[in-house]
Amino acid sequence: MARRIAVAATGEFGADVLVRLTGKHDVAQLLTRPDKPRGRGRKMAAPPAKEAAERLGIPVAQPARLDEAVELGADTVVVCAYGLLIPNELLERALWLNVHPSLLPRWRGAVAARRPFPIEAEDDAGAVYARAAEIAAELLQDVLAQDEPRFEPQPEEGVTYAEKIRPEDRVLDPNAPAHELVNRVRALSPHIGARLDDLIVWQARVGEGGSFEPVEVQPAGGRRMAYDAYLRGRR
């Protein structure tokens, strides 16, 4: 059953969920963060969710902060990678459903639906987010079909805290085990990138003898390329 909803989203993951919901529901509004400078030229750019909404013809609101003056386009709001604190005044005016790609129990609130899925050895963050967005749309289809969704509190066991990614988290330590370096590259691809000296490493593998081998890299100011091509260029 199609339902009239609003979506609060900013990043790539939120944009993906927005697109998937649009095919099944009447998305009346996107709430997203304001445009901000991006890239080396620091030109003002729209967040990914706004770009998706404009392609789909969905009205967009970009308040710098949320307060009682913000008008909601529907009485159900799906929140996904939005990035602004939602005040109690707005929480009381609509049903807010938060989509999160992990099963982290701390500070995630009660859940209406969840489904674990395997992460394959070759998956990077982009692949995991894409699969999570697909599952999120499927779960939301069932939740939104209910007049009053049933929520369950999350367990106290396994509480963890997801820190923000810092610049030092991107640095690859050549002395670390190869599999740890490969996993760090996977976690930061395809939108952030791990750093090895003056290179951004987008793909890597554990080579023969257990060595760390970059597969796809990007030199400073250059384009992405195979690591072999980068080495040939240096020679």
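A residue counts as buried when its relative accessible area is under 20%, as exposed when that area is over 50%, and as partly exposed in between. Asn98 shows how the middle class works in this predicted model: its relative accessibility comes out at 47%, so Asn98 is partly exposed. The residue sits in strand β7, which covers residues 95-99. Asn98 is 14 residues away from Leu84 in sequence, and the two C-alpha atoms are 12 Å apart in space.

Stepping back to the chain as a whole, the model has 6 helices and 11 strands. Buried residues account for 38% of the 235 residues. Along the principal axes, the C-alpha atoms fill a box of roughly 65 × 45 × 30 Å. As for contacts between residues at least 6 apart in sequence, 52% of them link residues at least 24 apart.

Helix α1 (residues 12-22) comes next. Its buried residues are Phe13, Gly14, Ala15, Val17, Leu18 and Leu21, and they pack against a mix of strands and helices, namely β1, β2, α2, β6, β7 and α4. The pairing with α4, a helix running over residues 125-144, can be described further: the two axes lie 9 Å apart and make an angle of about 40°. Angles between 35 and 65 degrees are neither roughly parallel nor roughly perpendicular, and α1 and α4 are therefore oblique to each other. Their crossing is right-handed. On the α1 side, the contact is made by Phe13, Asp16, Val17, Arg20 and Leu21, while α4 brings in Tyr129, Ala130, Ala132, Ala133, Glu134, Ala136, Ala137 and Leu140. Sorted by class, this contact has 10 nonpolar and 3 charged residues, with no polar ones.

Helix α2 is another element with a buried side. Pro48, Ala49, Lys50, Ala52 and Ala53 are its buried residues, and they pack against α1 as well as the strands β1 (4-9), β2 (26-31), β3 (36-38) and β5 (60-61). Just after the helix comes Gly57, which has a positive phi, near 75°.

Lys50 deserves a closer look. This lysine lies in α2, within residues 48-56, and its relative accessibility is 11%; the cut-off for burial is 20%, so Lys50 counts as buried. Its side chain makes a polar contact of 2.8 Å with the side chain of Gln62. Setting aside neighbours within four places in sequence, the residues in contact with Lys50 are Leu30, Thr32, Asp35, Val60 and Gln62. Gln62 thus turns up both as a contact and as the polar partner.

Thr76 is also buried, because its relative accessible area is 0%. The threonine is found in β6, a strand made of residues 76-80. Here too the side chain has a polar partner: a contact of 3.2 Å joins it to the side chain of Arg3. Beyond neighbours within four places in sequence, Thr76 touches Arg3, Arg4, Ile5 and Ala6, along with Ala94, Leu95, Leu97 and Leu144. Strand β6 itself is one of the elements that the buried residues of α1 pack against.

Definitions and conventions: Residues numbered from 1 in each chain as written. Predicted model: local features only at pLDDT ≥ 70, side-chain atom pairs only at ≥ 80, totals over all residues. Heavy atoms only, no water. Helix = DSSP H or I, 4+ residues; strand = E, 2+ residues; numbered from the N terminus. Buried < 20%, exposed > 50% of the residue type's maximum accessible area, 1.4 Å probe, protein only. Polar contact = N/O pair within 3.5 Å; in protein donor to acceptor, adjacent residues only side chain to side chain. Contact = heavy atoms within 4.5 Å. Axes fitted to C-alpha atoms, helices over the stretch in contact; angles between N-to-C directions. Parallel < 35°, antiparallel > 145°, perpendicular 65-115°, else oblique. Left-handed = near helix turned anticlockwise from the far one by under 90°. Nonpolar A, V, L, I, M, F, W, Y, C, P; charged D, E, K, R; others polar.
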